[in-house]
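Grab a pencil and work through these exercises one at a time. Try each task yourself before you read its solution.

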Amino acid sequence: MRKRWLLLVPALIGAALVPADQSPPAQAAPVPSPAERVAKLTGPESINDTEARFGLKATDLGILWDNGSGEILTAFGDSYGSGWTGPGGGTGDQATIDWRCNLLLRSKDRNLSDGMTLDSAAEDRPGHAKQFLDCKKVDRDEHTVIPTAGISVGKRQYMQYMSVNYWGPAGSWFTNYSGFAYSDDNGETWTKDADARWQNTTAWDDNFQMVALTRDQGYVYMIGTPNGRFGNAHVARVPEKLVLEKKAWRYWDGRTWSPQESAAAPIAVGPISEVSVQYNAYLGKWLMMYLDESRASVVLRSAKSLTGPWSGEQVVVKGTDYPGLYGTFMHPWSSGADLYFTMSQWDPYNVFLMHTKLTDDGQVTNLVTDPGFEGQTGSTPTAPWQLSGRGGIDRTNLGHSGANNAYVRDSIGAHQLQQTVAVRPHHTYRLSAWMRTAENNSETMLGVRTLRGKTIAQETGGAHPAYTKVSVDFDSGGESLVQLYGGFFGHSQDVWLQLDDVVVEEIR
């Protein structure tokens, strides 16, 4: 079908007639180079020989934070000893796998170019890392207790953990609550605070069941997601000295900090899971790293403020290169353009140290993910883009820039490409895109609507025989999530539209 179109429309083959005043498209910053594996940190043949030193053959996560005293504390989730056979968690003879719901190890290593040395562990006996937070190990009650973030305030260490009720289908799990534990002896012993908990709802959709923790200007910030891998990100904060006072926490509602958790507005569109957030002095921006389950990739976003606006996703690691990847956490001692982070893989169910380079192109912060469709690997649009009507992806250098562009083509009805983005309520934005159309296309459209389908702003027009930049400004009003779209409405003739280099930028 696609080849037939190219034969029927020979004008589309060859160089596009690009306007002389074209400018390069804005891209989200930072734009990382592909990540590389530095070293295996845990398990057999790892640089730390964790099986012999700590009774640790298999583990996941590897949550990192600076303890404020010259060490990095590293928390792991469900972990197993020599009886584990793999791949994945919980495999092997239950009597011999030495299952611990969580572990904590320490590192003083500042030379990360050759890996991260794990120097010591919280132990229950010499050579055996202990489970430092109790868990019932009862399915459909409390199957496990897994750390999701840690932070130090003074000499006290705070740990945020989730109490998992049960594991569901791939990418889904269901939590009883999330909560804080604290340690005053560098992670040797921990106390769960029964009052510092975020109880999950009966619909399993509380927005702070898994979190990242960071500090800024006297506050501890908590960037939260629901249980599982498919929710949006929200943010809350509390004065550093009041971390355990749940009533002192305030939730960003898009304009101010509200005492009501239910008022929290999304700051980034999911699917987001196992999120890590830290300030990067090299870029002068905040970075957010997480697994995007829909793209099977580890991605980065950047922002000048923790409340946003956050850029579109930039892929750091692809699941096609590292199958079963998840659980990425930025190393606090990364410096300059070098970003180090831990990453887990389901097989071999161990943790690795990864590295990527950061660059900043100096252009505007683009809220759109995959704005030039260069992340599309097939002829049918995939996440984060959705196709409404008929169309696909050109992968034959027909775009405004790069190798790819999207297209819609049919004769009757609305045909659009669309994507949901997070915006700050009551701010002004500009949506722009490059369009090229058939000469008989009289009803093109580029616009923004609410998730309920109400149009916020739309620019309509006629044919664009050469790639033309089309723009429309809009006020987000009370919305924190909006859907952008580009396409046309056909009446009776066969028409088409190509779309490329889509940008949403905050202008005030």
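**Exercise 1: Charges over rings**

R140 lies over the face of Y166, at 3.7 Å from the ring centre. This is a predicted model, where local features need pLDDT of at least 70 and side-chain atom pairs count only at pLDDT 80 or more, while totals for chains, interfaces and linings use all residues. Residues are numbered from 1 along each chain as its sequence is written, and side-chain values use heavy atoms, with hydrogens and water left out.

*Task.* Find the ring that the charged end of R110 sits over.

*Solution.*
- Step 1: Start with the rule: a charge sits over a ring if NZ of Lys or CZ of Arg is within 6 Å of the ring centre and within 35 degrees of the ring normal.
- Step 2: Look at R110: its charged end is 3.7 Å from the centre of the ring of W333, and sits over that ring.

**Exercise 2: Aromatic pairs**

*Task.* Classify the pair Y80 and Y349, then do the job again for Y279 and W286.

*Solution.*
- Step 1: Get the cut-offs straight. Rings of Phe, Tyr and Trp (its six-membered ring) pair if their centres lie within 6.5 Å; planes under 30 degrees apart count as stacked, over 60 as edge-to-face and the rest as tilted.
- Step 2: The whole structure holds 20 aromatic pairs. In one of them, Y80 and Y349 have 6.0 Å from centre to centre and 50 degrees between the planes, which makes a tilted pair.
- Step 3: Where do Y80 and Y349 sit along the chain? Y80 is in the loop between β3 (72-76) and β4 (103-107), and Y349 is in the loop between β22 (338-345) and β23 (350-357), 269 residues apart. Strands here are DSSP runs (E, at least two residues) and helices are too (H or I, at least four), numbered from the N terminus.
- Step 4: Y80 and Y349 are both buried. Buried means under 20% relative accessible area, exposed over 50%, and partly exposed in between (1.4 Å probe, protein chains only).
- Step 5: For Y279 and W286, the centres are 5.2 Å apart and the planes stand at 70 degrees, so this pair is edge-to-face. Y279 is partly exposed because its relative accessible area is 42%, while W286 is buried because its value is 6%.
- Step 6: Y80 and Y349 also belong to one aromatic cluster with W84 and W346.

**Exercise 3: A pocket**

*Task.* Describe the second largest pocket: how much space lies in it, and what lines it?

*Solution.*
- Step 1: Work on a 1 Å grid over the protein atoms alone. A cavity is a set of points where a 1.4 Å probe fits but cannot get out; a pocket is an open set with protein on both sides within 12 Å along at least five of seven lines; lining residues have an atom within 4 Å of a point. Grid points are joined across faces, edges and corners, and a volume is the space filled by probe spheres set on the points.
- Step 2: The second largest pocket has about 610 Å³ of space. It is lined by 33 residues, and D60, W167, W173, R229 and W346 are the closest to its centre.
- Step 3: At least two lining residues come from each of β2 (61-66), β8 (144-153), β9 (156-167) and β21 (325-330).
- Step 4: Sort the lining by class: 19 residues are nonpolar, nine polar and five charged. (Ala, Val, Leu, Ile, Met, Phe, Trp, Tyr, Cys and Pro count as nonpolar, Asp, Glu, Lys and Arg as charged, and the others, Gly among them, as polar.)

**Exercise 4: Strand β26**

*Task.* Which strands does β26 join through bridges, and is β26 covered or exposed?

*Solution.*
- Step 1: Two strands pair if DSSP finds at least two bridges between them.
- Step 2: Strand β25 (residues 391-394) runs antiparallel to β26 and is joined to it by four bridges. G392 has Y407 as its bridge partner in β26.
- Step 3: Strand β33 (residues 495-506) is also antiparallel to β26, with five bridges. Here R409 stands opposite W496.
- Step 4: β26 (residues 405-410) is mostly covered, with six of its six residues buried.
- Step 5: In a regular strand, side chains alternate between the two faces of the sheet. In β26, N405, Y407 and R409 point one way, and A406, V408 and D410 the other way.
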